[in-house]
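Thanks for sending this one over. Below are my notes, in numbered points, to read alongside the model.

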Amino acid sequence: MIAKARRIAGGSAESSDDTGSVLLLTLGYAILALVVVLVCVDATSLYLAQKRVDAAADAAALAGADGFELVVDDGEPRAVLTDDEVAELATSLIDQWGGDLRIVSAGTPDGTSARVRVAGTWRPPVATLFVPDGAAPPATATRRTAPRRPARRRAVRRRARGRAG
């Protein structure tokens with residue numbers, strides 16, 4: 001029947017048979033689409049794991065920055081952080097967070113900021129062939145503690161500016 005249709009269309013009955021080529025192309029594109037979907041699932045999973053580690057590092061740094069000691073030098077108050085206090089508060093928060101998060105480092109670089117580095121473990125949900133042991137996405141967060149001046153001084157400055165203008 002196909003040979004008869006080719007003869008009518010002007011082709012010869014002995015020309016090559018292309019039946020089944022469309023099936024191979026369709027199968028190839030279906031496999032490619034499946035691979036793209038699986039890679040997107042893994043990439044989304046890694047993105048969400050990184051965001052979770054970022055949030056944990058940010059919260060741990062904030063907790064560490066809240067552990068300041070208020071010191072008054074020459075009538076000026078200032079907040080002082082210690083490495084031990086930052087590490088203790090950050091570790092306490094990460095322990096409550098649960099999961100596979102761990103503190104890599106926690107401390108204060110300048111005595112007024114808390115810097116915390118957290119790492120977690122990510123395992124791809126689908127393509128474990130390429131990353132069988134998973135990966136450890138790290139995140140570093142820094143929070144600064146700065147006590148504000150009393151509201152009374154700001155009110156005095158505003159009144160002084162109002163008189164000058």
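**Notes on the fold**

1. On the side of H3 that faces away from its buried residues, the exposed positions are Asp 84, Glu 88, Asp 95 and Gln 96. Please keep in mind throughout that this is a predicted model.

2. Which residues of H3 are buried? They are Val 86, Ala 90 and Ile 94. Looking down the axis of H3, these buried residues keep within an arc of 55°, so they line one face of the helix. An α-helix has 3.6 residues a turn, so residues three or four places apart point the same way. The cover over the buried residues of H3 includes helix H2 (21–65), strand E3 (102–107) and E4.

3. The length of H3 checks out too. Helix H3 runs over residues 83–97, and its 15 residues should span 21 Å at 1.5 Å a residue; the C-alpha atoms at its ends are 21 Å apart, so the two agree. Just after H3, Gly 98 has a positive phi of about 80°.

4. How confident is the predictor? The average pLDDT of the chain is 81, and 76% of the residues score at least 70. Among the elements, strand E4 (residues 113–119) has the highest mean pLDDT, 95, while helix H4 (residues 151–164) has the lowest, 53. I would read H4 with that value in mind.

5. For the overall layout, the chain holds four helices and five strands, in the order α-α-β-β-α-β-β-β-α from the N terminus on. Of the 165 residues, 19% are buried. Among contacts with a separation of 6 or more, 54% join residues 24 or more positions apart.

6. H2 has 45 residues, and its first and last C-alpha atoms are 66 Å apart, close to the 66 Å expected at 1.5 Å a residue. Its buried residues include Asp 42, Ala 49, Val 53 and Ala 56, as well as Gly 64 and Ala 65. H3, E4 and E5 are among the elements that cover the buried residues of H2.

7. Now to the core. The largest nonpolar core has 16 residues, and Ile 94, Leu 101, Val 116 and Val 118 have the most contacts inside it. At least two residues of this core come from each of H2, H3, E4 and strand E5 (138–144). H2 gives the largest share, six residues. Leaving aside residues up to four places away in sequence, Leu 101 touches Arg 52, Val 53, Ala 56, Ile 94, Val 118, Ala 119 and Gly 120.

8. Is strand E1 (residues 69–73) well covered or hardly covered? It is hardly covered: the count of buried residues among its five residues is zero. E1 pairs with strand E2 (residues 76–80) in the antiparallel sense, over five bridges. Asp 73 stands opposite Glu 76 in E2. Two residues lie between the strands of this hairpin, and Asp 74 takes a positive phi near 55° there.

9. One last spot to look at is Thr 128, in the loop between E4 and E5. Why does Thr 128 count as partly exposed? Its relative accessibility is 41%, and partly exposed residues lie between the 20% and 50% cut-offs. Thr 128 and Asp 42 are 86 residues apart in sequence, yet their C-alpha atoms are 9.3 Å apart in space. Asp 42 is itself one of the buried residues of H2.

Key. Residues are numbered from 1 along each chain as its sequence is written. This is a predicted model: local features need pLDDT of at least 70, side-chain atom pairs count only at pLDDT 80 or more; totals for chains, interfaces and linings use all residues. Side-chain values use heavy atoms; hydrogens and water are left out. pLDDT is the predictor's confidence in each residue, from 0 to 100. The expected span of a helix is 1.5 Å times one less than its number of residues. Buried means under 20% relative accessible area, exposed over 50%, partly exposed in between (1.4 Å probe, protein chains only). The arc is that of the directions from the helix axis to the C-beta atoms. Contact means heavy atoms within 4.5 Å. A nonpolar core is a set of buried Ala, Val, Leu, Ile, Met, Phe, Trp, Tyr and Cys residues joined through side-chain atoms within 4.5 Å. Two strands pair if DSSP finds at least two bridges between them.
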